[in-house]
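Notebook open, coffee poured. I want to go through the strands and helices of this one and write down what I find.

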Amino acid sequence: MAAELPRYEVIALKYASRGGARPDHFVGGDPHDRPMPMDYFLWVVRNEDRLVLVDTGFNQDMAVKRHRTLLRRPGEALALVGVATRDVRDIVVTHMHNDHVGTFEEYPNARFHLQDDEMAFATGRFMCCDRFARPFEVEHVTGFVRLVYQDRVAFHDGDAEIAPGISVHRIGGHTAGLQCVRVHTGRGWVVLASDASHYYEHFEQQRCFPLVYHVGEMVEGFARLRALADSPEHVVPGHDPLVVERYPALSPQLEGIAMRLDQAPRKP
Ligand SMILES: [Zn+2]
């Protein structure tokens, strides 16, 4: 059955980074006060027939406001792999945090795939609380409300197929409506965890990232990622610099920028 499904190339595009230390990234801190930088990615899923973008990253405005290092605009990163933003028809929004939806206005022809719970969360009572509201940008959220009224948001509730061999799955945890993406590739089912697991260590050791709406859902999500993927080596965390080390570059020119996630990773 799976053999009849289309297979896709999956590319992680690194567009930004920031510093940080290990205690910043785990609930309860960490005994080792070592640097633990964070990378920022968006993801391209494509074959001859189809192109799906996963998240849109942020531009210089957010980099300045939030003290991140923008290495290249997400639109520039896409151009490096031959994708023009105007040509993108389908975008999965894993969640509405600023680093995942920041450039949504650059895609005039796209439909945005979003969980019901995420829009409810981003426009509801928890946004009265700075702890939950801080990673969101009100201009992004109101922009998405406008997209709803333009009939450009495809709402999903739980599991949904975006195309044959590409599906979204509500995880929650980090935000109320966070969704991961499962893609059929030449090496089997790959799962783009996005912020269901910021680093490998989170899902491998069941440790939580401190920015969390629901700890129980986050922990259950780690098991869900493993269940959806063909193996733990098929789970791709959302912000881990190890992704750049482990996966082969799309081409020698794009070393450190574009990684082929549909190819087997180097063993850790
Ligand atoms: Zn996030």
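Started with strand 5 (residues 90–92): I see 3 bridges joining it to strand 6, and the two run parallel. I looked up one pair there, and Asp-90 has Arg-111 in strand 6 as its bridge partner. Worth keeping in mind for the rest: this is a predicted model.

Next, the other partner I had listed for strand 6. Strand 6 pairs with strand 7 (residues 153–156) over 4 bridges, again in the parallel sense. Checking across that pairing, I find Leu-114 opposite Phe-155 in strand 7.

Is strand 6 mostly covered or mostly open? I went through residues 111–115 and got 4 of the 5 as buried, so I'm noting the strand as mostly covered.

Then helix 6, residues 138–149. I did the length check: 12 residues at 1.5 Å a residue should span 16 Å, and the end C-alpha atoms sit 17 Å apart, which agrees.

What comes after helix 6 with a positive phi? That is Asp-151, with phi near 60 degrees. I flagged it because Asp-151 is a residue other than glycine with a positive value. Asp-151 lies in the loop between helix 6 and strand 7. I get 8 C-beta neighbours inside 10 Å for Asp-151, so I put it down as exposed.

A second positive phi turned up at Gln-206, near 55 degrees, and this residue isn't glycine either. Gln-206 belongs to the loop between helix 7 (200–205) and helix 8. Why does Gln-206 count as exposed? Its C-beta neighbours inside 10 Å come to 12, and a residue with 12 or fewer is exposed.

On to the open sheet of 5 strands. I read its order as 8-9-10-11-12, with mixed pairing. Strand 8 (159–163) and strand 12 (235–237) are at the edges; each has a single partner strand, so one side of each has no neighbour in the sheet. The twist I noted averages 25 degrees from one strand to the next.

I zoomed in on strand 11 (residues 188–194), which runs parallel to strand 12 and is joined to it by 3 bridges. Within that pairing, Leu-192 stands opposite Val-236 in strand 12.

Last entry: what packs on this sheet? Helix 8 (residues 215–228) does, touching strand 9 (166–170), strand 10 (179–185), strand 11 and strand 12. For its direction against that of strand 11, I have about 155 degrees.

Terms used
Residues numbered from 1 in each chain as written. Predicted model: local features only at pLDDT ≥ 70, side-chain atom pairs only at ≥ 80, totals over all residues. Expected span 1.5 Å × (residues − 1). Pairing = 2+ DSSP bridges. Axes fitted to C-alpha atoms, helices over the stretch in contact; angles between N-to-C directions. Contact = placed C-beta atoms within 7 Å. Buried ≥ 20, exposed ≤ 12 C-beta atoms within 10 Å, placed from the backbone.
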